Every structure is written in structure tokens, then in C-alpha cells.
Amino acid sequence: MQALNLPPFDYKVTNSGGNILIWDVLRRKHVVLTPEEWVRQHVVHYLTGHLGYPLGLLSLERGHAYNQRRKRTDLCAYDAHGKPLLLVECKAPSVPITAAVAMQAATYNQTIGAPLLLLTNGLEHYCWRVDFEQRTNERLSEVPPYVVAG
């Protein structure tokens, strides 16, 4: 798989029925290793191994409703009280992070309400702090580490 602009991690892959599978620590099973999954697994390991996000507070591909349609978020991190903290939209490295991708993630986040939003294709990363009350967002230079609220 392609080298990404994220720290490497120890991963386990296997072959099954002609598919390459990677072990997913969140779902606790092997999943098909697509380019987008490669990015998602890197992000999970970056958040947990480098930024202190607890593995138990991450959720992959959770369904939610938007305009009476079922949608899936790539990854969501929660705080200790179960409130969404960080919404992550992962794309394959070949997919550029465009305004349309940002709009998709922002649209999902209207129903989820995470104060942090991360868009990544593994090569480029864009992170924002969203203030829903003030209806503003601030571009961040990096993803903030997990902080335990008191």
C-alpha cells in the first residue's frame, strides 16, 4: 500500500479468497484492505497512539440519519460523557480533499455536532474547530490531542 503522511504502525494483513485483509482493532476483525481503509486504519492508530484518544471512545462507520436518509461517518471520537468530539472523514489517497468533500463532512456534522472536524486522504489533512453557537469555524494547524474534561 501507499506510504501516507501519517506515522507508520504495526499492522497485520492476511489473504482470504483473493482479498487482502487488515486487522481492525476497533471492529476486532479483519476487513478488506481498500485504499480508504488504509487511510482509516492509519488515522485510528494516529489518534490512539500519538494523540491519546482512548480506543474505547472511537466508533467506525456509525450510521446516522440526515434529511431522512441513512448516512455513515468514517470515524467519530467521543468524550468521556459520550458526546461527539471529533468527526473524521477519510478518503483514498487518490481522492483530493475538495470543497465538496468539506461540504459532505460539514453536512454530516450538522446532525452529529462534533466540535472538531478532520478531513484526510492520508496525504493531506484539514482540521477545523466548529463553534455551532457562533456559527463559525477555525482552521487548525494540527489535530488537538485528547483532553480529559474535568
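This is a short group-meeting talk on the sheets, cores and a few individual residues of one predicted model.

Okay, thanks everyone. Keep in mind that what you have on the screen is a predicted model. I'll start with the sheets, then go to the packing, then to some residues I liked.

So, sheets. One is an open sheet of 3 strands, in the order S1-S2-S3, and the pairing there is antiparallel. The edges are strand S1, residues 13-16, and strand S3, residues 29-32; each has a single partner strand, so one side of each has no neighbour in the sheet. From one strand to the next the twist averages 40°. If you zoom in on strand S2, residues 19-24, you'll find that S2 and S3 pair in the antiparallel sense over 4 bridges. To get your bearings there, look for Leu21, whose bridge partner in S3 is Val32.

Now the other open sheet: 6 strands, ordered S4-S7-S8-S9-S10-S11, and this time the pairing is mixed. Here S4 and strand S11, which is 136-140, stand at the edges with a single partner strand each, so again one side of each is left without a neighbour in the sheet. Neighbouring strands of this sheet are turned by 20° against each other on average, if you ignore direction. Within it, S7 and S8 run antiparallel and are joined by 4 bridges. Tyr78 is a handy marker, standing opposite Pro84 in S8.

What about the helices? H1 lies across S2 and S3, at about 20° to S2. H1 also lies across S4, S7, S8 and S9, and there the angle is about 150° to S8. Then there's helix H2, residues 99-112, which lies across S7, S8, S9 and S10 and also runs at about 150° to S8.

On to the packing. Which residues touch the most other members of the largest nonpolar core? That core has 28 residues, and the ones you want are Val43, Leu47, Tyr53, Leu75 and Leu86. Helix H1 (35-50), strand S4 (58-60), strand S7 (75-78), strand S8 (84-90) and S9 each supply at least two residues. The largest share, 5 residues, comes from H1. Apart from this core there's another one, of 13 residues, including Ile97, Tyr108, Ala114 and Trp128.

Let me click on Leu86 for a second. Leaving out neighbours within four places in sequence, Leu86 is in contact with a whole list of residues, among them Leu47, Tyr53, Leu75, Cys76 and Val143.

Aromatics next. The count comes to 5 aromatic pairs. In one of them, Tyr126 and Trp128, the ring centres are 6.3 Å apart and the planes are at 25°, so that pair is stacked. Buried or exposed, or in between, for Trp128? At 18% relative accessibility Trp128 counts as buried, while Tyr126, at 22%, counts as partly exposed. Elsewhere, ring pairs link Phe9, Tyr11 and Trp38 into a cluster.

Now, two polar residues that are tucked away. Asn121 is in the loop between strand S9 (116-120) and strand S10 (125-131), and Asn121 is buried, with a relative accessible area of 2%. What does the Asn121 side chain reach? The backbone nitrogen of Leu123, at 2.9 Å, and the backbone nitrogen of Glu124, at 2.8 Å. Not counting residues up to four places away in sequence, Asn121 also touches Leu4, Val39, Lys91, Ala92, Pro93, Val95, Pro96 and Ile97.

The other one is Glu37, which sits in helix H1. Glu37 is buried at 3% relative accessible area. Beyond four places in sequence, Glu37 touches Ile22, Asp24, Arg27, Val31 and Val32.

Last stop, backbone angles. Most residues other than glycine have a negative phi. Where do we find Arg28, then? Arg28 is in the loop between S2 and S3, with a positive phi of about 55° although it isn't a glycine. At 67% relative accessibility, Arg28 counts as exposed. Arg135 also has a positive phi, near 55°, and lies in the loop between S10 and S11. Arg135 is exposed too, with a relative accessible area of 77%.

That's my tour. Happy to rotate the structure for anyone who wants another look.

Definitions and conventions. Residues numbered from 1 in each chain as written. Predicted model: local features only at pLDDT ≥ 70, side-chain atom pairs only at ≥ 80, totals over all residues. Heavy atoms only, no water. Buried < 20%, exposed > 50% of the residue type's maximum accessible area, 1.4 Å probe, protein only. Polar contact = N/O pair within 3.5 Å; in protein donor to acceptor, adjacent residues only side chain to side chain. Contact = heavy atoms within 4.5 Å. Core = buried A, V, L, I, M, F, W, Y, C linked by side-chain atoms within 4.5 Å. Phe/Tyr/Trp six-rings, centres within 6.5 Å; stacked < 30°, edge-to-face > 60°. Pairing = 2+ DSSP bridges. Axes fitted to C-alpha atoms, helices over the stretch in contact; angles between N-to-C directions.
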